[in-house]
Amino acid sequence: MKTGLFCTYENHYQDAQRAIVEQNALVLHAEALGFEEAWITEHHFSDFHINPSITVLMAYLAGVTSRIKLGSAAVLLAFHNPVTVAEEIATLDHLCNGRLLLGVAKGGPFPEQNQHFGITMSESRHRMLEALELVEKLLYGREVSFAGKYYQCDRLTIHPKPLQSRIPVYLATSDRDAIEQAALHSFGLMGGAPFSLDRLKTNLAHYRAINSNGAEKLVLSRFFFVSRTDEEAIEEALPFIRSFVTRMTKNVSSLKHDGNTQHLKPSANQQTCFDETYLLENSIIGSVATCRDKIKRFQDELNLGTLALKPCSFDLQKNLTSLTCYAEQICRG
């Protein structure tokens, strides 16, 4: 199992410059600790997540790091021109000397993104899958012609081609059709921090029924904080968890009741996975022993490719210390 950092550029103090500087500091610290991957998220129209320009952020990180792989978690393909995405991804792969990992998603559950980009939630997944097909053809092919429902091109060749012979691709999804496409193409899967173990196991079972060789590339993100005791860790992480619950509950309540939130229900008797107690139970938060036990359970039951840690203190120094403790006492313990 590889260790990654999950980077969401939270603007806790309503200071965008500080949010960007602090997140970048965490990436540099993770690289120094020997973390193998850093995964950068994309959000739009949010004063809390200062990361709308995912390729710009990744290009900067490519220049200040040298070893850690850089992954998109994820490019919201439905909201972008796939030709532009292919060009930027190929260029990024050169900038980071072949350290690029490509994660893509449809962009939910954030209704304001669909609204302002003019893409309905019902079509965003179809656009994502079609755009990914075109991106893949453009990255490695020449004189590409494509006639899809949403995107078309005629004898198009992009330059440069990626440095890697094949950039690893991951789908951040819990949708059965998208999981099937991932399995058919041996793409990896990404599981978000709120997704329950049961939901992830179901997704992987569906994948492995189609393709038994690719699901070990699962990237699992989890809220993380380690301290001397479980109580100290929970006390430090709880303000972040509560802030997350408030924002996500508001997002989910604004969705139409048309099945869009089914993947956000951890079980039949819970409304959504955005519940404080539920999130604490499914996060890696606690003492060294508790965190080690939780990680072992995820490893044993999911056969993880990468565990992407999302530090959840509002204090940069405490997050740095927590990551150091992971590297020195949990990972090597």
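Contact here means heavy atoms within 4.5 Å. The exercises below concern a predicted model.

**Exercise 1.** State which residues Phe35 touches beyond four places in sequence, and place Phe35 within the nonpolar core.

*Solution.* Setting aside residues up to four places away, Phe35 touches Thr3, Gly4, Leu5, Ala30, Ile68, Leu309, Leu323, Tyr326 and Ala327. Next, consider the largest nonpolar core, which has 75 residues: Phe35 is among the members that touch the most others, together with Leu77, Leu171, Phe224 and Leu302. Helix 5 (residues 121–140) gives the most to this core, contributing 8 residues. Apart from it lies another core of 19 residues, including Phe110, Ala193, Phe225 and Ala237.

**Exercise 2.** Determine whether Arg127 is buried or exposed, and identify its contacts.

*Solution.* Arg127 belongs to helix 5. Its relative accessible area is 17%. The cut-off for a buried residue is under 20%, and therefore Arg127 is buried. Leaving out neighbours within four places in sequence, Arg127 contacts Ala78, Ile119, Tyr150 and Tyr151.

**Exercise 3.** Check the span of helix 7 (residues 197–210) against its expected value, then describe its buried residues and their packing.

*Solution.* Helix 7 has 14 residues. The expected span is 1.5 Å times one less than the number of residues, so helix 7 should span 20 Å. The C-alpha atoms at its ends are 20 Å apart, in agreement with that value. Within helix 7, the buried residues are Leu197, Leu200, Asn203, Leu204, His206 and Tyr207. Residues three or four places apart in an α-helix point the same way, because there are 3.6 residues a turn. The buried residues of helix 7 pack against helix 6 (176–184), strand 9 (188–191), strand 10 (219–226), helix 9 (276–282) and helix 10 (288–302).

How values were computed:
Residues numbered from 1 in each chain as written. Predicted model: local features only at pLDDT ≥ 70, side-chain atom pairs only at ≥ 80, totals over all residues. Heavy atoms only, no water. Core = buried A, V, L, I, M, F, W, Y, C linked by side-chain atoms within 4.5 Å. Buried < 20%, exposed > 50% of the residue type's maximum accessible area, 1.4 Å probe, protein only. Helix = DSSP H or I, 4+ residues; strand = E, 2+ residues; numbered from the N terminus.
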